[in-house]
Amino acid sequence: MSATTVTPTTTTAPGAVPGRRPARPVATRRLVVIELRKMFDTRSGFWLLVGIGVLAVLATGAVIVLAPDDAVTYDSFATAIGLPMSVILPMIAILSVTSEWSQRSGLTTFTLVPHRSRVIGAKALATLVVGLVSMALAFAVGAVGNLAGSALAGVDTVWDVSLAAAPQIVLGNLVGMAIGFTLGVVLRASAAAIVGYFVVSLVMPGVLELLGLVREWFLDLQPWIDWNYTQVQLFEGATDTAEEWAMLASTTALWIGLPLVIGLVTLRRSEVK
Amino acid sequence: MITVESLTRTYAGVTAVDDVSFTARPGRVTGFLGPNGAGKSTTLRVVVGLTAPTSGSATIDGVRFADLPNPGREVGVLLDASAQHAGRTGRETLAIAAATMGLPGSRVAEMLELVSLTPAEARRRVRHYSLGMRQRLGIAAALLGDPRVLILDEPANGLDPAGIRWMRDLLTDFAGRGGTVLLSSHLLHEIEVIADDLVVIGGGRIVASGTKEELLAAAGTLARSAAPRELAHALELAGLPSTLAGDGSVRTDADPSQVGAVALAAGIALTELRSAEGAGLEDMFLSLTAATQREGVAA
C-alpha cells in the first residue's frame, strides 16, 4: 500500500442522507450497455477483441497471397474470416457469463442489480449485439479483401455469397455463440465451459460420425440431434426446406433451449461465492 | 434501518442461520460478531439479497433489498474485497458500478481520492492489488452511490494501522450524519472502539445483542486476592458462581459490592476489586460464544 496518507473525511465524505429519496430503477438498456462494456474492458476481453480484428486481416491477407486466382471470390474471404470468428465469438459469450462466478465479480453485479434474470438477459442481448456487429465487420473486411484481391490477381471480382446465404451465415455464428452462452449459464465456470465448448463442437462431431458408420439408422436421426450438422448447413447457406428448418429448430431446442432453461433455474438459486 | 426478523437459512439439512432477529439503527454503528462459521456472512448475504432465506425476512427501511429500485444508491455493500474481476483496472471497476447506478463518471475520481488510491494505482489491474488496496477499492465502491446504509463484512481486513484509523473515522462520521452501519469483524478491538451496538452470533443463533455499554457492563466483577482459591471457594459458598483465571484473578457475574461483602465475611484481603467491563469485548465474546467455539475455550 503506497497510499499511506490519511485523507480527512469531513469535507469529501459522502453524506448519509436519512429518509427516502426517489430512486429510478436501473434501466434495461443501461444494463445492456454495461454488459457490452464488461465484455471488453478486461485483459481477456481486450485480447479476444484484438484477436478477432487481427485474425480477420490475417485471413484476408492469406487468401490474397495463397489462394489460386479462380478462388479469389467473396465466398473464400467470408469463409477464411468466419472460421476464426466462429471460435472466438462463443468464447466471448462464455466469459460474459462465467466471469461473474470464476472472477467473483457477480458478488457486486448481483447486489447492484438483485435480479439475476435481468442481468443474464442483458448479457444475452449484449452477446447478440456483439455477434451481429462482428459479422457485419467480417462481411465488410471480406468485401475489401475481395476487391483488393481480385485487383491484385487481375481477375474479375466475384460476389458469390447470395443475399439468401448471408443471413444464414450470421445465424450459424449466433447459434455457436448461443451454445457458448448456454454452456456458461449451465456450468458457471470459465475453464469448464470453454472445455465443454470444444467437446461439443470438436469432439462430438467425430463421435457422432463414428456412430453413423457403425449404426446406419443413426444417419437419419443425426440431422435432428446434431447441432454441428445444422450449423454447418447454415454456414453453407443450405438450410432451405421446411424440414431443414425443423431440423435446426430441433437441434436448437435440444442443445440451447432445454439446457438454458435448466441452467437459468439453477443459476437463479445458486450461491455467488 | 436494517431489520432482520426470524431469519433462518438451511443448506441441505444444515442450519447456517437459525431464527436470527436484530436491528441496525440509523445514526449508529452496529458491530456484528461471531466465531468462524457462526452465520455472519450468510446473514449479511441474505440481507443484500444474494441468498434467499429459508424463512423469515430481512429489510432495509421496511423494503426487501431486491425490491429497492436502485440498491446501490441506498445501500453500500462490501462483502468480500477480493471478489472483483482480476483483469479489470480499479478505475474501470468503479466506473462500471457508477454506470450501473446511473452516476456521473466524475464520482469515480472523487471516490478514488476519498479512499487514497492514486491515479496510477487506479490504472492498474486489480490482479496486482494488495489486500489493503482491494479493501479500499471495495469501500470506494460501497460509498459510490452516496448510500444511507452501509453493510461491510470485515472491512478492516488487510488495512495498515493508518488505514484502520481512517476507516474508523469514516464510519463514525457516516453514522454521525444519520447513516446506518452494519459491520462484521473478527478484530474485536476495532469493534469495541467503533461500535455503538453489538450483535453476537454463535452457532447460527443470536447469543447477545444490545448497546455496547449494556453488554460490557453485564460482564460482571473481577477481583484479586493473595488467596484466590479461598476467595473463589468463599464465593461458591455464598452462592455466587465464579471462575478462577490463570493470572490469579477471580471473575463472577455478581456485582462488586456483593463480592466485597463475601470477602469481608470470609476475612480475605482483596488486592483489586472492580467491575469487569475493563476486561473488554474479548472476554465477553469468548464467554458468550464458548459453547460454539471450535477450540472449546471458556472464559
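# Strands, helices and contacts in chains A and B

Q: What makes strand E1 (residues 2-11) of chain B and E2(B) a pair?
A: They are joined by 7 bridges and run antiparallel. Two strands pair if DSSP finds at least two bridges between them. Therefore 7 bridges qualify E1(B) and E2(B) as a pair. Strands here are DSSP runs of E with at least two residues, and helices are runs of H or I with at least four, both numbered from the N terminus.

Q: What kind of model is this, and which limits apply?
A: It is a predicted model, in which local features need pLDDT of at least 70 and side-chain atom pairs count only at pLDDT 80 or more, while totals for chains, interfaces and linings use all residues. Residues are numbered from 1 along each chain as its sequence is written, and chains are lettered from A and ligands numbered from 1 in the order in which they are written.

Q: Which residues stand opposite each other in E1(B) and E2(B)?
A: B:Tyr11 faces B:Val14 in E2(B). B:Thr10 stands opposite B:Thr15. The hairpin has 2 residues between its strands, and B:Ala12 takes a positive phi near 45°.

Q: How do you know that E1(B) and E4(B) pair?
A: They share 5 bridges in the antiparallel sense. The definition asks for at least two, so the pair stands. One of the bridge partnerships is that of B:Val4 with B:Ala58 in E4(B).

Q: Why do strand E2 (14-24) and strand E5 (63-64) of chain B stand at the edges?
A: The open sheet has 4 strands in the order E2-E1-E4-E5 of chain B, with antiparallel pairing. E2(B) and E5(B) each have a single partner strand, so one side of each has no neighbour in the sheet. Helix H1 (residues 40-47) of chain B packs on this sheet, where it touches E1, E2 and strand E4 (55-60). The direction of H1(B) makes about 115° with that of E1(B).

Q: Are helix H9 (residues 228-237) and helix H10 (residues 256-266) of chain B roughly parallel or roughly perpendicular, and how do you know?
A: Their axes come within 10 Å and cross at roughly 110°. Axes are lines fitted to C-alpha atoms, for helices over the stretch in contact, and angles run from 0 to 180 degrees between N-to-C directions. Under 35 degrees is roughly parallel, over 145 roughly antiparallel, 65 to 115 roughly perpendicular, and the rest oblique. H9(B) and H10(B) are therefore roughly perpendicular.

Q: Which residues of H9(B) and H10(B) meet, and what counts as contact?
A: Two residues are in contact if their C-beta atoms, placed from the backbone, lie within 7 Å. From H9(B) come B:Glu230, B:Leu231, B:Ala234 and B:Leu235. They meet B:Val259, B:Val262, B:Ala263 and B:Ala266 in H10(B). The contact has 7 nonpolar, no polar and 1 charged residues. Nonpolar covers Ala, Val, Leu, Ile, Met, Phe, Trp, Tyr, Cys and Pro; charged covers Asp, Glu, Lys and Arg; the others, Gly among them, are polar.

Q: How do you know where the domains of chain B begin and end?
A: Domain bounds come from an automatic or database domain assignment. For chain B it gives domain 1 (2-211) and domain 2 (218-292). Their C-alpha centres lie 38 Å apart. Their contact takes 12 residues from domain 1 and 8 residues from domain 2. H7(B) gives the most to the domain 1 side, with 3 residues.

Q: How many residues does each chain give to the contact of chain A and chain B?
A: Chain A gives 42 residues and chain B 57 residues. H5(A) supplies the largest share of the chain A side, 5 residues. By class, that side has 18 nonpolar, 15 polar and 9 charged residues.

Q: What confidence does chain A carry, and where is the pLDDT below 50?
A: pLDDT is the predictor's confidence in each residue, from 0 to 100. Chain A has a mean of 88, with 92% of its residues at 70 or more. Residues 1-19 of chain A fall below 50, yet this stretch has 42 contacts beyond near neighbours in sequence. Chain B has a mean of 90, with 95% at 70 or more. The complex has an ipTM of 0.85 and a pTM of 0.85.
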